[in-house]
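Visitor: I have a list of "why is it called that" questions about this protein. Could you take me through them?

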Amino acid sequence: MNNSIYIYGASGHGLVVADIAKNCGYDDIIFIDDGDNNYLSFEDTKENTNIPIAFGIGNNKIRAKLFKKATNNGFKIVSLIHSSAIISSSSKIGIGTVIMPNVVVNAKTKIGDGVILNTACVVEHENIIDDFVHISPNVAIAGDVQIGEFTHIGIGSNIIQGIIVGHNTVIGAGSTVVKNINNFQKAYGNPCKEIEDIN
């Protein structure tokens, strides 16, 4: 294994991703950050594509933009899965996905590219989680759920079986989702209700 890895994003989320990278065997963590700081920028590193890259960006849309930029520049994008996570052998995990400690992904679930499965979330059987979704800590998703791209599921939320949550939607923290939620919605509560169209 190449023991160096770029983590694109040096915020708090990036620090957590760096810890997962270390758990996965990378001992040379190199942060990239395009902000006004002392980290290397993408321009500084874009010629050195022999080092793989992972993403430490919590914002779904920004993560997707940087994912595309790194891909177009020829970087190898890697997924990072913490050793404490339990991942069914019949599930499929896309590239550039980060799976944090104590996550469970059960049978025949499909996880897209650039997804964040945050600490101790449970993704049950036969779910479809589309690209660049963020599932927050301690979320529980029952079986046969579909979550559209760029959607954020807030911390501690629960989704019952068979639900479809649209793309580009935000489910507020602690919500209980018992009916389908449309695209481009802000929704929260127990039971979860659509509150605002965010298109």
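Guide: Happily; what follows is a conversation about the terms used for this predicted model.

Visitor: Let us begin with a helix. How do you know that the length of α1 agrees with its number of residues?

Guide: Helix α1 covers residues 12–23, which makes 12 residues. At 1.5 Å a residue, and counting one less than the number of residues, the expected span is 16 Å. The end C-alpha atoms of α1 are 17 Å apart, which agrees.

Visitor: Which residues of α1 are called buried, and what makes them so?

Guide: They are His13, Gly14, Val17, Ala18, Ile20 and Ala21. Buried means under 20% relative accessible area, so each of these residues falls below that cut-off.

Visitor: And how do you know where on α1 these buried residues lie?

Guide: Looking down the axis of α1, you find its buried residues within an arc of 160 degrees, so they line one face of the helix.

Visitor: Turning to strands, why are β1 and β2 called a pair?

Guide: Pairing needs at least two bridges, and β1 (residues 4–8) and β2 have 5 bridges, so they count as paired, in the parallel sense. Within this pair, Ile5 stands opposite Ile29 in β2.

Visitor: What makes β2 mostly covered?

Guide: Strand β2 runs over residues 28–32, and 4 of its 5 residues are buried.

Visitor: Which strands form the sheet that contains β9, and in what order?

Guide: The order is β6-β9-β12-β15-β18, an open sheet of 5 strands with parallel pairing. β6 (92–93) and β18 (164–165) are called its edges because each has a single partner strand, so one side of each is left without a neighbour in the sheet.

Visitor: How do you know that β6 and β9 pair?

Guide: They share 2 bridges, and at least two are required, so the pair meets the cut-off. Lys92 has Lys110 in β9 as its bridge partner.

Visitor: What is the order of the open sheet of 6 strands?

Guide: That sheet runs β5-β8-β11-β14-β17-β20, and its pairing is parallel. β5 (86–87) and β20 (176–177) are the edge strands, each pairing on one side only. Inside the order, β8 (residues 104–105) and β11 (residues 122–123) run parallel and are joined by 2 bridges. Val104 has Val122 in β11 as its bridge partner.

Visitor: Why is Asn138 called partly exposed?

Guide: Its relative accessible area is 48%, and partly exposed lies between the 20% and 50% cut-offs, so Asn138 fits that class. Asn138 is in the loop between β13 (134–135) and β14 (140–141), and its phi is near 60 degrees, a positive value in a residue other than glycine.

Visitor: What makes a positive phi worth pointing out?

Guide: Most residues other than glycine have a negative phi. Asp144 has a positive one too, with phi near 60 degrees. Asp144 lies in the loop between β14 and β15 (146–147) and is partly exposed, at 45% relative accessible area.

Visitor: How do you know that the bond between Asn190 and Pro191 is cis?

Guide: Omega is about 5 degrees for that cis peptide bond. Pro191 sits in the loop between β21 (185–188) and β22 (193–197).

Visitor: Last, which residues line the largest pocket, and how do they divide?

Guide: The lining consists of Asn59, Asn60, Lys61, Phe150, His152, Asn168, Thr169, Val170, Phe184 and Ile198. These divide into 4 nonpolar, 5 polar and 1 charged. The space in the largest pocket is about 160 Å³.

Methods
Residues numbered from 1 in each chain as written. Predicted model: local features only at pLDDT ≥ 70, side-chain atom pairs only at ≥ 80, totals over all residues. Heavy atoms only, no water. Helix = DSSP H or I, 4+ residues; strand = E, 2+ residues; numbered from the N terminus. 1 Å grid on protein atoms, 1.4 Å probe; cavity = no way out; pocket = protein on both sides within 12 Å on 5 of 7 lines; lining within 4 Å. Points joined across faces, edges and corners; volume = space filled by probe spheres on them. Nonpolar A, V, L, I, M, F, W, Y, C, P; charged D, E, K, R; others polar. Buried < 20%, exposed > 50% of the residue type's maximum accessible area, 1.4 Å probe, protein only. Arc of directions from axis to C-beta.
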